[in-house]
Amino acid sequence: MRMAKQEKRRITAEDLYHFQLVTDAEISPDGNHVVYSVQRVDPETEKKYANLWVVPTEGSDPVQFTTGDQMDTKPRWSPDSSQIAFLSNRENEKQFQLYLIPFHGGEAQKLTDLKGTFNFIKWSPKGDKLLCQFRKKDPEALERDQDETKKELGVVARHVKRVFFKLDGEGYLPDERWHIWVIDLPSGESQQLTEGEVFDEIHPNWSPDGKEIAYLTNQTPEPDLDPDQIDLFILDVQKGESRKINTPAGPKQLPVFSPDKKWIAYVGSEGKGNWWQDNSLWVVPSDGKGKAINLTEEYQLDVYNSLINDLPGGFPETPVVWSADGSRIYFLITQHGRAKVLSLEVTQKESLETVLEPDGALGLFTIDQDESYLAYLQASFNSPAEVWAHDLKGGVSSKLTSVNETLLSELDLGQIEEVWFDSSAGTKVQGWILTPPGFKETNSYPSILEIHGGPRAQYGAVFMHEFYYLAAQGYVVYFCNPRGSRGYGEDFAKAIWNAWGTVDYQDLMAMADLMEEKPYIDPERMGVTGGSYGGYMTVWIIGHTDRFQAAVTQRCVSNWLSMYGSSDLNWVFQYEFGDQLPWEAFEHYWKLSPIKYIGNATTPTLVIHSEFDLRCPIEQGEQVFVSLKKLGVETEMVRFPDEFHGLSRAGRTDRRVVRLNHIQRWFDRYLKDG
């Protein structure tokens, strides 16, 4: 008797509890295994936990390496592949410490007892030390922790002396700065190598002989008032002295020594405040006797992962990787909604090669010491990030994990179609159309235009739970990368510099025009939503057209004048306005503020905002809500306490579920129920 085929179901908001996220991965130096971290959510407590797993590169079953209800993250192999260092909060959920665990058996050993925040963990070449970026906890905060009465009373006052005193996702910043520390093994003794009250030292990395450390810092008198003056320094570990390596002024990240120590590669751009510029691959002689060279300038490549998704984990900062002989550099780029790995010879710019271009979006990657395997995280439209391995000699890629396979096998997600269309001035714009499960072209569907944040980011081949959830409710969901997005060259990204709401608006309306012509789209049931810059564009749209029957603006920018100084990025937004101060260019700031045009709005609009959004303060959403109320336009506001700007990606799961339910409710009211 043949078993009946199980019918697939549609995705739900509550499925956010069921997805597990691969948040990090690293291949062992011997190339035999990949260690990675898997994050899950406890639906009863709303807490997030993560444990370490290991999978052989030759493709056997993964093995769980650590257990327990804690966060085990940032696993790093020792140079001989015998041990794994990692961060864990297993003893104190509010304080991570470094741990060391033998790969072939044994318990995890706690290495540190520091109070503060860790970042960028690196093994020394000999395997006898761990290098890290660490920021100590302020003395006042430590005093509160040790006194129950003071802890209960909380902070009495904040004495602010720097411009960047808060950061979305973190909160109010401590007075302490990021510095470079070394942890001795196996004793666990810690040593602070740099210090200071004004400067941060970030992205540290060992030289191949372990005698020096490359790092980045901004040592201008007021770093917060000149944030892009990032310089490269080299620290002599024994002498404790640093020397500056001359490089062009501009943002920089992730310096890496070549195997012969002659070069340092880094990712960055030249110039200050030019956010539209591509991130390029640079090399500079480590002895400081030559100029820095931009290896990718002529190719118009963005050496950065700018893809947006709401089940993050596979797309952390990704350092470049040198070949074993030091002749080539492997690096990641994002282009046309995809992420891939390229390589380039240091001495021959014309030697650009594509190493790996998967059918999806490639995230963090590492390579073993013999250049046999490239291990990486890969997401796609149909799956969040999983661990893959690519045989560099044979050219074959293998999927090593299937963390969400069981859940995904139950779901009917609908179908995604890629489209390219013409906008104004003959500009080609890339977009995608997601049709709901059970879609029939002869039917008439309501639709929702989704607009990404940034704006210097891009949609692409990654899993977007929100899109599938809305499609599961019977909506055709469509999205694109309008001008201003990354991944299409500097001219494309620069097109809205000092001109938000111009050609980007034209591109979005061009896709709405494209959709309106589809036989299955009901032009009387079209909605629009977006967050951050997408929230800005949503408010801009309702002030410039009534073609949409419903809108949901999320974590929006509405008024550039009040945004100045109130965001965590505060004054630097003036770069977007010709580097003019608001009191010197009042009318220009006002002209580019969506709230200027709110009097034209007639579209029923839901306003969603987080109360602890430090990037786009909640007053930006409040202005929209109050204005629409005064105008008599149907509106509501949904506020989420204790959440930052990134609620839709990293917020508490029950709040993410409620957010999705409100979005669905609003669109159903105006696009389905009349």
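Me: Asp, Glu, Lys and Arg count as charged, Ala, Val, Leu, Ile, Met, Phe, Trp, Tyr, Cys and Pro as nonpolar, and the others as polar; by class, how many residues of each kind does the lining of the second largest cavity have?

Reply: In this predicted model, the lining of the second largest cavity has 4 charged, 2 polar and 2 nonpolar residues. The residues concerned are L16, D310, H465, E466, S648, R656, R659 and L660, and D310, E466, R656 and R659 are the charged ones because Asp, Glu and Arg belong to that class. The space in this cavity is about 40 Å³, and α12 (653-671) gives the largest share of its lining, 3 residues.

Me: What makes a space a cavity, and how many of 30 Å³ or more does the search of the whole structure find?

Reply: A cavity is a set of points where a 1.4 Å probe fits but cannot get out, and the search of the whole structure finds 5 of 30 Å³ or more. The largest holds about 50 Å³ of space, and its lining is made of 3 nonpolar, 5 polar and 3 charged residues. β37 (605-610) supplies the largest share, 3 residues, while α11 (647-650) is also named as a supplier of at least two. S648 and R659 are among the residues lining the largest cavity, and they also appear in the lining of the second largest one.

Me: Which classes make up the lining of the second largest pocket?

Reply: The lining of the second largest pocket has 10 charged, 4 nonpolar and 1 polar residues. The pocket encloses about 350 Å³ of space, and K161, D175, R177, E197 and V198 are the lining residues that lie nearest its centre.

Me: Why is strand β10 (residues 129-136) called largely enclosed?

Reply: Buried means under 20% relative accessible area, and 6 of the 8 residues of β10 are buried, so the strand is largely enclosed by the rest of the structure. It runs antiparallel to β9 (residues 116-123), with 6 bridges between the two, and antiparallel to β13 (residues 178-184), with 7 bridges. On the β9 side, K122 has L131 as its bridge partner in β10; on the β13 side, F134 stands opposite H179.

Me: How do you know that K47 and E93 form a salt bridge?

Reply: The closest N and O atoms of K47 and E93 are 3.1 Å apart, and a salt bridge needs a side-chain nitrogen of Lys or Arg within 4 Å of a carboxyl oxygen of Asp or Glu, so the pair qualifies. K47 lies in the loop between β2 (33-41) and β3 (48-56), and E93 in the loop between β6 (83-88) and β7 (97-102), so the contact ties together parts that are 46 residues apart in sequence. K47 is partly exposed at 35% relative accessible area, as is E93 at 48%.

Me: Are R456 and E576 buried or exposed, and what separation is tied together by their pair?

Reply: The side chains of R456 and E576 meet in a salt bridge at 2.1 Å, N to O; R456 lies in the loop between β33 (445-451) and α4, and E576 in the loop between α8 (560-563) and α9 (586-591), so the pair ties together parts that are 120 residues apart in sequence. Both residues are buried.

Me: What makes D113 count as exposed?

Reply: Exposed means over 50% relative accessible area, and D113 stands at 54%, so D113 passes the cut-off. K110, with which D113 forms a salt bridge of 3.7 Å, is partly exposed at 29%.

Terms used
Residues are numbered from 1 along each chain as its sequence is written. This is a predicted model: local features need pLDDT of at least 70, side-chain atom pairs count only at pLDDT 80 or more; totals for chains, interfaces and linings use all residues. Side-chain values use heavy atoms; hydrogens and water are left out. On a 1 Å grid over the protein atoms alone, a cavity is a set of points where a 1.4 Å probe fits but cannot get out, and a pocket is an open set with protein on both sides within 12 Å along at least five of seven lines; lining residues have an atom within 4 Å of a point. Grid points are joined across faces, edges and corners, and a volume is the space filled by probe spheres set on the points. Helices (H or I, at least four residues) and strands (E, at least two) are DSSP runs, numbered from the N terminus. Buried means under 20% relative accessible area, exposed over 50%, partly exposed in between (1.4 Å probe, protein chains only). Two strands pair if DSSP finds at least two bridges between them.
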